[in-house]
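Here is a walk through one protein chain, from a single loop residue out to the whole fold. Keep the structure open as you read.

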Amino acid sequence: MKQFEAKNVKIGSNEFAIFPFPAFRAANLSGELLKTAAPLLVGIVPLLRSDEDISDFGAEEIRAVSDAFSSFDGDAVERLLKKLLIDGKNITVINEEYPDGERLTSDLANEVFCENVQDMYLLALEVIKLNYNGFFGKLTNQYGGAAGRLSKMAQSVITENST
């Protein structure tokens, strides 16, 4: 059964076993995910329609991305991260301290991600990719080259930070 098959990912010095959300939980979270991410998407999607290379973006494009990020609500981001990473009890951490694995809790997340908050975002991205895997492919198909390059850049960051 898919729901009981973990996807293992290595991020930093930790390995994580991520189990998929039940279908109704994933559907419920999709609303919050979209609500939280919508301001970012509104700012970025027009840029994805462009065939320009991301490195060629000028001040206007950079301002649009900056404005999209500035609309993020810290409390909403924290709530979403807790729902993605902790509330579902769907992630196990495997590291030197927990070689047999330990369920990710708020306290453990605070310890694992202390001074490594970027790894928490990378883990959240992996959870999103696992549970909403069609989204990224459809985005790339719909918005073409720039979306593909953005996806490749994100993947290279994940790979770089996973080693």
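Is Asn90 buried or exposed? The model is predicted, and in it Asn90 has a relative accessibility of 4%. The cut-off for buried is under 20%, so Asn90 counts as buried. Its place is in the loop between H3 and E3. Leaving aside residues up to four places away in sequence, Asn90 touches Ala17, Ile18, Phe19, Phe21, Leu84, Leu85, Arg103 and Val127.

The residue before it in that loop gives another picture. Lys89 is also found between H3 and E3. Lys89 is exposed, because its relative accessible area is 59% and the cut-off for exposed is over 50%. Its phi is near 50°, a positive value in a residue other than glycine. Most residues other than glycine have a negative phi. Glu115 also departs from that rule, with a positive phi of about 70° although it is not a glycine. Glu115 lies in the loop between H4 and H5. With a relative accessible area of 75%, Glu115 is exposed.

Now step back along the chain into H3. This helix covers residues 74-87. Does its length make sense? At 1.5 Å a residue, its 14 residues should span 20 Å. The end C-alpha atoms are 18 Å apart, which agrees. Several H3 residues are buried: Ala76, Val77, Leu80, Leu81, Leu84, Leu85 and Ile86. An α-helix has 3.6 residues a turn, so residues three or four places apart point the same way. After H3 comes Lys89 with its positive phi.

Step forward instead and you enter E3, residues 91-94. Thr92 sits in this strand. Thr92 is buried, because its relative accessible area is 14% and buried means under 20%. Its side chain makes a polar contact with the side chain of Arg103, at 3.5 Å. Beyond its neighbours up to four places away in sequence, Thr92 touches Glu15, Phe16, Ala17, Phe19, Gly101, Glu102, Arg103 and Leu104. Ala17 stands opposite Thr92.

That pairing leads into the sheet. Four strands form an open sheet in the order E1-E2-E3-E4, with antiparallel pairing. E1 and E4 (102-103) stand at the edges, each with a single partner strand, so one side of each is left without a neighbour in the sheet. Helix H5 (residues 117-131) packs on the sheet and touches E1, E2 and E3. The direction of H5 makes about 160° with that of E1.

Take the strand pairs in turn. E1 (residues 7-11) and E2 pair in the antiparallel sense over five bridges. Lys10 has Glu15 as its bridge partner in E2, and Val9 has Phe16. The two strands form a hairpin with two residues between them. Gly12, in the turn, has a positive phi of about 65°. E2 and E3 are antiparallel too, and pair over four bridges. E2 (residues 14-18) is mostly covered, with four of its five residues buried.

What lies at the centre of the packing? In soluble globular proteins, nonpolar side chains tend to be buried together. Here the largest nonpolar core has 28 residues. Phe16, Leu84, Leu85, Ile91, Leu104, Phe113 and Leu123 touch the most other members. The elements that give two or more residues to this core are E1, E2, H1 (23-48), H3, E3, H4 (106-113) and H5. Leu104 shows how these parts meet. Residues up to four places away in sequence aside, Leu104 touches Leu85, Ile86, Ile91, Thr92, Val93, Ala109, Phe113 and Leu123.

Finally, the whole chain. Its secondary structure comes to six helices and four strands. Along the sequence the pattern reads β-β-α-α-α-β-β-α-α-α. The chain has 163 residues, and buried ones make up 36% of them. Among contacts between residues at least 6 apart in sequence, 64% join residues at least 24 apart.

Conventions: Residues numbered from 1 in each chain as written. Predicted model: local features only at pLDDT ≥ 70, side-chain atom pairs only at ≥ 80, totals over all residues. Heavy atoms only, no water. Buried < 20%, exposed > 50% of the residue type's maximum accessible area, 1.4 Å probe, protein only. Polar contact = N/O pair within 3.5 Å; in protein donor to acceptor, adjacent residues only side chain to side chain. Contact = heavy atoms within 4.5 Å. Expected span 1.5 Å × (residues − 1). Pairing = 2+ DSSP bridges. Axes fitted to C-alpha atoms, helices over the stretch in contact; angles between N-to-C directions. Core = buried A, V, L, I, M, F, W, Y, C linked by side-chain atoms within 4.5 Å.
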